[in-house]
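Dear colleague,

I am passing on a structure that you have not worked with before, and I would be glad if you looked through it with the notes below beside you.

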Amino acid sequence: MLATEGLVEIRPARGAYVRDNSDGDGRTLRAELADLRAALRRSKEDLDAAESMVAVLLSRLQSEERAR
């Protein structure tokens, strides 16, 4: 199962070896996942802010329509 996920390399008659998790530029999978998690958190914050702004604008629109 670990070999299928690319985490170990099986060498016949020699054993199983843990693979290097870096992607060539020295970054580990753990670091990439941490960066992705941070990006998702920022996206959620941006979406929350946009949702708040939409609520404010809808409220203003309703007030303007009632004033007519």
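Since several of the notes refer to helices and strands by number, it helps to know that both are DSSP runs, a helix having at least four residues and a strand at least two, and that they are numbered from the N terminus. With that in hand, please also keep in mind that this is a predicted model.

Overall make-up

The protein chain has 1 helix and 2 strands, and anyone reading along the sequence meets them in the pattern β-β-α. Its C-alpha trace spans about 85 × 25 × 10 Å along the principal axes. The radius of gyration of the protein chain is 25 Å, whereas a compact globule of 68 residues would have one near 11 Å. Of those 68 residues, 3% count as buried, and the chain exposes about 6300 Å², of which carbon and sulfur atoms supply 56%. As for charge, there are 12 positive and 13 negative side chains, and the centres of the two sets lie 2 Å apart.

The two strands and their hairpin

Strand S1, which covers residues 8-11, pairs with strand S2, residues 15-18, in the antiparallel sense and over 4 bridges. Two of the partnerships can be named here: valine 8 has valine 18 as its bridge partner in S2, while the partner of arginine 11 in S2 is glycine 15.

Between the strands of this hairpin there are 3 residues, and two residues of the loop deserve a closer look. Proline 12 is found in the loop between S1 and S2, and proline 12 counts as exposed because its relative accessible area is 70%, the cut-off for exposed being over 50%. To give a sense of distance across the model, the C-alpha atoms of proline 12 and arginine 66, which are 54 residues apart along the chain, are separated by 78 Å.

Alanine 13 also lies in the loop between S1 and S2. What is the phi of alanine 13, positive or negative? Alanine 13 has a positive phi, of about 65°, although it is not a glycine. As background to that value, most residues other than glycine have a negative phi. Alanine 13 counts as exposed too, because its relative accessibility is 91%.

Salt bridges

How many salt bridges does the structure hold? The structure holds 2 of them, and I describe each in turn.

One of them joins arginine 11 to glutamate 9, with the closest N and O atoms 3.4 Å apart. Arginine 11 has a relative accessibility of 27% and therefore counts as partly exposed, and glutamate 9, at 34%, likewise counts as partly exposed.

The other brings together the side chains of aspartate 48 and lysine 44, where the N to O distance is 2.9 Å. Both aspartate 48 and lysine 44 lie in helix H1, which runs over residues 29-67, and they are 4 residues apart, about one turn of the helix. Aspartate 48 is partly exposed, because its relative accessible area is 35%.

Further along the helix

Glutamate 45 lies in helix H1 as well, and at 47% relative accessibility glutamate 45 counts as partly exposed. The C-alpha atoms of glutamate 45 and alanine 34, 11 residues apart along the chain, are separated by 17 Å.

If you would like a place to begin, I would suggest the hairpin, where S1 and S2 pair in the antiparallel sense and where alanine 13 takes its positive phi, before turning to the pair of aspartate 48 and lysine 44 in helix H1.

With best wishes

Technical notes
Residues numbered from 1 in each chain as written. Predicted model: local features only at pLDDT ≥ 70, side-chain atom pairs only at ≥ 80, totals over all residues. Heavy atoms only, no water. Pairing = 2+ DSSP bridges. Rg over C-alpha atoms; globule rule 2.2 N^0.38 Å. Buried < 20%, exposed > 50% of the residue type's maximum accessible area, 1.4 Å probe, protein only. Areas by Shrake-Rupley, 256 points an atom, 1.4 Å probe, with all protein chains shown as cover. Lys, Arg positive; Asp, Glu negative; His and termini not counted. Charge placed at Lys NZ, Arg CZ, Asp CG, Glu CD. Salt bridge = Lys/Arg side-chain N within 4 Å of Asp/Glu carboxyl O.
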